[in-house]
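Trainee: Please give me a close look at the salt bridges here, pair by pair, and then at the sheet.

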Amino acid sequence: MLKINFRINHRILVFVLLLLSACGPKLSSTNKYSNSNSANVSPILNTILGRDTINIGTTGDFMPFSYKTDASNNYLGIDIVMAKDLAKHLGVNFKFIETTWPTLMTDLMEGKFDVGMSGITITSAREKQALFSIPVYSSGKVAITRDENVSLYASIENINRKEVKVIFNPGGTNESFARENFPKATLILNEDNITIFQKLIDKEADVMVTDAIETRIQEQIHKELEAVNPNKPFNSFDFGYLIQKDSVFKRVIDEWLLVKKQDSIVEKLLQQEIAKLE
């Protein structure tokens, strides 16, 4: 008789648990932030979860971080892969929003995107308006020129001469570095970052100073060009992911990024980008 009662009670308990499970609120198995305290106190994260999509601002003109190929209009690069991984981590979809270096900060502050991911240099001017993640990658400014001119542009002093034509793209750290360091040179503001390297080859300009990591890529693409002392850059700085001033959302991104950095994901992705060109 006791065994029968135990079986009956056990069956009733199972039925009640199943009923409660069916009637109770269902939590998303893919989105651990949906009911977290972070979502409650982070306006940006709450907005992202509400629309089920994270908007990623990217320029599409800075290899190897964010670029497009001639055959496709899709974004490629290190930060594009990282953006997709971040969306997966948050349990949401992703959408890429095209921005430019001149409009980067304005687009961010106007809410056109949630996170800027495009090989963005952490600068004090940008930090006055927004927050950055922990550093993603470290680099420095390096000159790139035609092969035959490498010995001519080994220093800032050698570049900062009237007869030297220095070319740069608008709105970013390439422009600010050129204007601050080469006031005596002939400065050429180019409309974009993509066509600069061909103009160096065509002798429309003599030298460009950009991030060392970009020179490594461009000298592989354009065999006529060579980076000048790429292991001894003119300065040093870090890249980071750009967000509005939301410290909770920054912490969410930092925690995700820290795990990725421990696995050396960015370095591995960089090697993959270089391998594509060999």
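Mentor: Lysine 199 and glutamate 191 join their side chains in a salt bridge, with N and O 3.7 Å apart. The term covers a side-chain nitrogen of Lys or Arg within 4 Å of a carboxyl oxygen of Asp or Glu. Glutamate 191 is exposed, its relative accessible area being 55%; exposed stands for over 50%, buried for under 20% and partly exposed for what lies in between, with a 1.4 Å probe and protein chains only. The model is predicted, so local features need pLDDT of at least 70 and side-chain atom pairs count only at pLDDT 80 or more, while totals for chains, interfaces and linings use all residues. Residues are numbered from 1 along each chain as its sequence is written, and side-chain values use heavy atoms, leaving out hydrogens and water.

Across the whole structure, the search finds 13 salt bridges. Another of them links arginine 161 to glutamate 163, with 2.6 Å from N to O. Arginine 161 is partly exposed at 30% relative accessible area, and glutamate 163 is exposed at 53%.

Lysine 250 pairs with aspartate 254, their closest N and O atoms lying 2.8 Å apart. Both residues belong to helix α11 (residues 247–262) and sit 4 residues apart, about one turn of the helix. Helices here are DSSP runs of H or I with at least four residues, strands are runs of E with at least two, and numbering starts at the N terminus. Lysine 250 is partly exposed at 23%, whereas aspartate 254 is buried at 13%. Elsewhere, Asp107, Glu110 and Lys112 are joined into one network by salt bridges that share partners.

Now the sheet. It is open and has 5 strands in the order β11-β10-β12-β9-β13, with mixed pairing; two strands pair if DSSP finds at least two bridges between them. β11 (186–189) and β13 (225–228) are the edge strands, each with a single partner, so one side of each has no neighbour in the sheet. On average, neighbouring strands are turned by 30 degrees against each other, direction ignored. Axes are lines fitted to C-alpha atoms, for helices over the stretch in contact, and angles run from 0 to 180 degrees between N-to-C directions.

β9 (residues 141–146) pairs with β13 in the antiparallel sense over 4 bridges. Arginine 146 is opposite leucine 225 in β13. Helix α10 (residues 212–221) packs on the sheet and touches β9, β12 (207–211) and β13, contact being heavy atoms within 4.5 Å. The direction of α10 makes about 120 degrees with that of β12.
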